[in-house]
Amino acid sequence: MPEDHQKPRTRRAFFGDVLRLGAGAVVTGALLPQLARAMKDEKVVATIKLAERKELAAIGGFILLKDTPGGDILIVRTGKDSYEALNPICPHKECTVKVKSAELIQCPCHKSAYAIDGTYKSGPAKKSLSKFPFTIKDGTLSVMSEG
Ligand code: FES
């Protein structure tokens, strides 16, 4: 029977071990390579080249990416150099929200309203749209699976 340290380790198992070390634990040199590997495992579910997407040219512009491995993703331009990658599923009863203007996202079912960055404004949902983590590198926006 193989010893425990020879088994492949999942990211969950690794982070479980880190948490078990407690608040006073110090990340030693031995843990750093595992931490780097675990972070690299974060799965990219969609990429877009920003320069090729005219829909995102203006603030308030948006693209709805359908059926990615992470589900539907609403990419919105929130500022001159800022974007958000939102889960377009309304937290109230799971209708798909719509971008109504450069300042407003609204759910068609019961009219919950959100700012363009997904922040809750009004209506029965009572919470903001969830966000996907993303990076922008060399003009490519890469969305990772929800954390
Ligand atoms: S499902 Fe969106 S407000 Fe009810």
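**Exercise 1. Pairing of β5 and β6**

Task: In this predicted model, find how many bridges join β5 to strand β6, and say how the two strands run.

Solution:
- Step 1. Locate the strands: β5 covers 98-99, and β6 covers residues 105-106.
- Step 2. Count the bridges: two join β5 to β6.
- Step 3. Read the direction: β5 and β6 run antiparallel.
- Step 4. Check one partner: K98 has Q106 as its bridge partner in β6.

**Exercise 2. The open sheet**

Task: Give the order of the four strands in the open sheet, then name the edge strands.

Solution:
- Step 1. Recall the principle: strands of a sheet pair through backbone hydrogen bonds, either parallel or antiparallel.
- Step 2. Write the order: β5-β6-β7-β8, with antiparallel pairing.
- Step 3. Pick the edges: β5 (98-99) and β8 (120-122) each pair on one side only.

**Exercise 3. E84**

Task: Decide why E84 is classed as buried or exposed, then list what E84 touches.

Solution:
- Step 1. Place E84: strand β4, residues 82-86.
- Step 2. Apply the cut-off: E84 is buried because its relative accessible area is 18%, and buried means under 20%.
- Step 3. List contacts beyond four places away in sequence: E84 touches L74, I75, V76, T78, D117, K131 and F134.
- Step 4. Look at K131: its side chain and that of E84 are joined by a polar contact of 3.4 Å.

**Exercise 4. P133**

Task: Say where P133 is found and how far apart P133 and A85 are in space.

Solution:
- Step 1. Place P133: the loop between β8 and β9 (134-137).
- Step 2. Judge exposure: at 28% relative accessible area, P133 is partly exposed.
- Step 3. Compare with A85: the two are 48 residues apart in sequence, and 7.1 Å apart in space, C-alpha to C-alpha.

Conventions:
Residues are numbered from 1 along each chain as its sequence is written. This is a predicted model: local features need pLDDT of at least 70, side-chain atom pairs count only at pLDDT 80 or more; totals for chains, interfaces and linings use all residues. Side-chain values use heavy atoms; hydrogens and water are left out. Two strands pair if DSSP finds at least two bridges between them. Buried means under 20% relative accessible area, exposed over 50%, partly exposed in between (1.4 Å probe, protein chains only). A polar contact is a pair of N or O atoms within 3.5 Å; within protein, one must be able to donate a hydrogen and the other to accept it, and residues adjacent in sequence count only if both atoms are side-chain atoms. Contact means heavy atoms within 4.5 Å.
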